[in-house]
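Colleague: I've got the file open and a few things to ask. Mind walking me through it?

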Amino acid sequence: MTQTSDMKRLWEDSFEEQIARGAYNTAPVEAVIRSVAYWLRDQPPSDRPLHFLEMGCGAGPTLVWLAQKGMRVSGVDIATNALELARENLTRNGYADRIGSLTECSVSATPFADGTFDGIIESCVFQHLPKPDRIAAFREVARLLRPGGLFVGNMLADAHTTFQKLKDKQLPDDPGSLHLADGSSKIHLTNIGLAHFFRKDEYAGLLPGFAVVDPCLSTYYLPKSEAKKRGYDEYLQAMHTVVAIK
Ligand SMILES: C[S@@+](CC[C@H](N)C(=O)[O-])C[C@H]1O[C@@H](n2cnc3c(N)ncnc32)[C@H](O)[C@@H]1O
């Protein structure tokens with residue numbers, strides 16, 4: 001697998017810049033919470049709170065939403081400063097007692113037992129993993145979910161303008177992936193290093209044996225003024241929200 005220490009440095013640097021600019025994500029990820037909310041409507045009453053894990057939880061805004069819904073919440077992240085923000089965020093919002101664990105580790109190798117979680121979410125994390133780590137991360141999702149458990153992921157889709165413009169530079173041993181390093185801020189997609197733009201038919205192979213694997217494409221055009229700043233006439237953002245049931 002890729003050097004965890006390199007990834008850790010990259011993301012801690014990114015968070016340091018985000019903290020300095022007050023630019024880290026403080027909003028629950030809409031595409032993820034909408035899918036979790038639909039799933040929750042059909043869950044039978046239970047005498048214990050559901051336990052959800054966010055893989056790559058960042059500053060934890062989506063964990064706060066899950067805790068608000070009464071869940072026990074756990075998060076893993078490779079960046080120490082991100083986990084500190086997540087703990088502060090949950091505590092400030094009054095949910096310290098709903099924290100299962102906040103653990104520093106890679107999403108590709110977590111310390112939890114098989115079938116620990118009722119649900120697992122991720123947003124904008126798996127898309128930045130090199131191929132062996134990406135495959136291992138999906139394998140962790142399958143291992144950590146209990147039967148009938150929910151996975152919701154939110155990741156870059158191959159309709160994205162950045163991929164469409166640069167697809168002749170796809171990595172030969174990892175089609176769909178680009179190495180992006182334009183020298184801009186590490187907050188921007190175009191300078192984050194590896195980015196994988198998923199094909200809709202990739203997920204079923206990454207989550208074998210799941211009862212449901214349902215990716216949904218969402219797109220929107222950036223305002224023209226914003227597209228121009230990036231050197232484009234038109235710029236399409238494209239993400240898959242993947243809903244899967246084990
Ligand atoms: C783009 S941020 C998204 C944060 C959060 N999911 C959100 O939507 O607000 C990516 C997060 O994944 C974490 N991350 C990246 N690679 C990771 C890895 N291999 N294992 C664990 N966390 C990782 C980063 O530290 C960062 O917090």
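Modeller: Sure. One cut-off before we start: a residue counts as buried when its relative accessible area is under 20%. And keep in mind that this is a predicted model.

Colleague: Good, let's use that. Is Tyr203 buried or exposed?

Modeller: The relative accessible area of Tyr203 is 0%. The cut-off for the lowest class is under 20%. So Tyr203 is buried.

Colleague: And which kind of aromatic pair do Phe198 and Tyr203 form?

Modeller: Phe198 is also at 0% relative accessibility and counts as buried. The two rings, Phe198 and Tyr203, sit 5.2 Å apart centre to centre, with 15 degrees between the planes. Planes under 30 degrees apart fall in one class, those over 60 in another. That makes the pair of Phe198 and Tyr203 stacked.

Colleague: How many aromatic pairs are there in the whole structure?

Modeller: The search covers the whole structure, and the pair of Phe198 and Tyr203 is a stacked one. The number of aromatic pairs found is nine.

Colleague: What about Phe126 and Phe138, why is that pair put in its class?

Modeller: Their ring centres are 5.0 Å apart. Both Phe126 and Phe138 are buried. The planes stand at 70 degrees, and the cut-off is over 60, so the pair of Phe126 and Phe138 is edge-to-face.

Colleague: How many residues apart in sequence are the parts that this pair ties together?

Modeller: Phe126 is in the loop between S4 and helix H5 (131-144), while Phe138 is in H5 itself. Ring pairs also link Phe126 and Phe138 into a cluster with Phe151, Phe198 and Tyr203. As for the separation of the parts tied by Phe126 and Phe138, it is 12 residues.

Colleague: Arg134 caught my eye. Which side chain does the side chain of Arg134 make a polar contact with?

Modeller: Arg134 is in helix H5, and at 4% relative accessible area it is buried. Leaving out residues up to four places away in sequence, Arg134 touches Phe126, Leu129, Asp174, Ser177, Leu194, His196 and Phe198. The polar contact of the Arg134 side chain, at 3.2 Å, is with the side chain of Ser177.

Colleague: On to helix H3 (residues 61-68). Why is it largely enclosed by the rest of the structure?

Modeller: The buried residues of H3 are Pro61, Thr62, Leu63, Val64, Trp65, Leu66 and Ala67. Their cover includes H2, strand S1 (51-55), strand S2 (72-77), helix H4 (80-92), strand S3 (99-104) and strand S4 (117-123). H3 is largely enclosed because the buried share of its eight residues is seven.

Colleague: Which residue with a positive phi follows H3?

Modeller: Its phi is near 95 degrees. The residue is Gly70.

Colleague: Now pockets. Which element gives the largest share of the lining of the second largest pocket?

Modeller: That pocket holds about 230 Å³ of space. Helix H2 (30-41), strand S8 (212-221) and strand S9 (236-245) each give two or more residues to its lining. By class, the lining has seven nonpolar, three polar and two charged residues. The largest share, five residues, comes from H2.

Colleague: Last one: what volume does the largest cavity have?

Modeller: The structure holds one cavity of 30 Å³ or more. Tyr24, Ala59, Leu85, Glu88, Asn89 and Arg92 line the largest cavity, and they divide into three nonpolar, one polar and two charged. The volume of the largest cavity is about 50 Å³.

Definitions and conventions. Residues are numbered from 1 along each chain as its sequence is written. This is a predicted model: local features need pLDDT of at least 70, side-chain atom pairs count only at pLDDT 80 or more; totals for chains, interfaces and linings use all residues. Side-chain values use heavy atoms; hydrogens and water are left out. On a 1 Å grid over the protein atoms alone, a cavity is a set of points where a 1.4 Å probe fits but cannot get out, and a pocket is an open set with protein on both sides within 12 Å along at least five of seven lines; lining residues have an atom within 4 Å of a point. Grid points are joined across faces, edges and corners, and a volume is the space filled by probe spheres set on the points. Helices (H or I, at least four residues) and strands (E, at least two) are DSSP runs, numbered from the N terminus. Ala, Val, Leu, Ile, Met, Phe, Trp, Tyr, Cys and Pro count as nonpolar, Asp, Glu, Lys and Arg as charged, and the others, Gly among them, as polar. Buried means under 20% relative accessible area, exposed over 50%, partly exposed in between (1.4 Å probe, protein chains only). Contact means heavy atoms within 4.5 Å. Rings of Phe, Tyr and Trp (its six-membered ring) pair if their centres lie within 6.5 Å; planes under 30 degrees apart count as stacked, over 60 as edge-to-face and the rest as tilted. A polar contact is a pair of N or O atoms within 3.5 Å; within protein, one must be able to donate a hydrogen and the other to accept it, and residues adjacent in sequence count only if both atoms are side-chain atoms.
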